[in-house]
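Here's a small set of exercises to work through with the model open in your viewer. Try each task before reading its solution.

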Amino acid sequence: MSAYAADVVSPWQTCATPASPTAVGRINCLVLGGYIDNARLDYAVADLTTGASNIVTRHPINTRSQFGGGFIGDYTDIAVGSDDMFHAFWTDTNNKQTVTWWYGFQFVPTTINQEDVVTQSGSF
């Protein structure tokens with residue numbers, strides 16, 4: 001079995017006035033807002049026959065990056081081979097990407113966290 005576990009809470013500064021209600025507001029904030037508690041996720045796998053479990057993420061996933069968590073959990077899966085190796089697949093936001101153009105808007109090259117999928121194989 002595999003699942004996200006909200007086991008890290010960290011402060012997240014909200015955007016009080018985004019540049020626009022479009023995708024630009026996800027990168028360009030004109031006025032910062034207050035802080036909120038932000039549950040960050042790890043991805044875990046478990047062997048239900050033995051009760052053993054592993055956290056397979058290398059860094060907690062920030063669900064507020066980019067799409068505001070809209071796709072977190074949409075792309076997850078796990079397979080186990082006859083050799084008892086697990087192969088986990090999940091959505092992550094720790095991929096760094098340099099943005100110059102975003103949905104038709106030009107930015108000074110800006111490094112952002114982009115949603116991506118990650119895989120990890122292992123055994124218990």
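**Exercise 1: a pocket and its lining**

Which residues line the second largest pocket? Once you have them, sort them by chemical class.

Solution. Keep in mind that you're looking at a predicted model.
- Step 1: collect the lining, which consists of M1, A46, D47, L48, I78, V80, D84, F86, S123 and F124.
- Step 2: sort them, and you get seven nonpolar residues, one polar and two charged.
- Step 3: put a volume on the pocket, which comes out at about 160 Å³.

**Exercise 2: the overall layout**

Work out how many helices and strands the protein has, then find what share of its residues is buried.

Solution.
- Step 1: count the elements, which gives zero helices and seven strands.
- Step 2: read them off from the N terminus, and the order is β-β-β-β-β-β-β.
- Step 3: turn to burial, where 28% of the 124 residues count as buried.

**Exercise 3: a backbone angle to check**

Go back to D84, one of the residues in the pocket lining. What is the sign of its phi, and where in the chain does D84 sit?

Solution.
- Step 1: place the residue, and you'll find D84 in the loop between β5 (77-80) and β6 (86-102).
- Step 2: read the angle, a positive phi of about 65 degrees, although D84 is not a glycine.
- Step 3: set that against the general rule, that most residues other than glycine have a negative phi.
- Step 4: decide on exposure. D84 has a relative accessible area of 57%, and the cut-off for exposed is over 50%, so D84 is exposed.

**Exercise 4: a patch on the surface**

Which residues form a nonpolar patch on the surface with about 250 Å² of accessible area together? Then take a look at V117.

Solution.
- Step 1: name the members of the patch, which are Y75, F89 and V117.
- Step 2: locate V117, which is in strand β7 (residues 105-122).
- Step 3: classify V117. Its relative accessible area is 36%, between the 20% and 50% cut-offs, so V117 is partly exposed.

**Exercise 5: far along the chain, what about in space?**

For each of these pairs, find the C-alpha separation: Q13 with Y35, G34 with W12, L41 with I61, and T76 with S2. Say also whether L41 is buried or exposed.

Solution.
- Step 1: start with Q13, in strand β1 (residues 2-18). Its C-alpha is 4.3 Å from that of Y35, with the two positions 22 residues apart along the chain. Q13 counts as partly exposed, at 30% relative accessibility.
- Step 2: move to G34, in strand β2. G34 and W12 are 22 residues apart in sequence, and their C-alpha atoms are 8.3 Å apart in space. At 43% relative accessibility, G34 is partly exposed.
- Step 3: stay in strand β2 (residues 29-46) for L41. The C-alpha atoms of L41 and I61 are separated by 4.8 Å, and the residues are 20 apart along the chain. The relative accessible area of L41 is 12%, and buried means under 20%, so L41 is buried.
- Step 4: finish with T76, in the loop between β4 (61-62) and β5. T76 and S2 are 74 residues apart along the chain, with 8.3 Å between their C-alpha atoms. T76 is partly exposed, at 33% relative accessibility.

Key: Residues numbered from 1 in each chain as written. Predicted model: local features only at pLDDT ≥ 70, side-chain atom pairs only at ≥ 80, totals over all residues. Heavy atoms only, no water. Patch = residues over 30% accessible without salt bridge, like charges linked within 9 Å, V, L, I, M, F, W, Y side chains within 5 Å. Areas by Shrake-Rupley, 256 points an atom, 1.4 Å probe, with all protein chains shown as cover. Salt bridge = Lys/Arg side-chain N within 4 Å of Asp/Glu carboxyl O. Helix = DSSP H or I, 4+ residues; strand = E, 2+ residues; numbered from the N terminus. Buried < 20%, exposed > 50% of the residue type's maximum accessible area, 1.4 Å probe, protein only. 1 Å grid on protein atoms, 1.4 Å probe; cavity = no way out; pocket = protein on both sides within 12 Å on 5 of 7 lines; lining within 4 Å. Points joined across faces, edges and corners; volume = space filled by probe spheres on them. Nonpolar A, V, L, I, M, F, W, Y, C, P; charged D, E, K, R; others polar.
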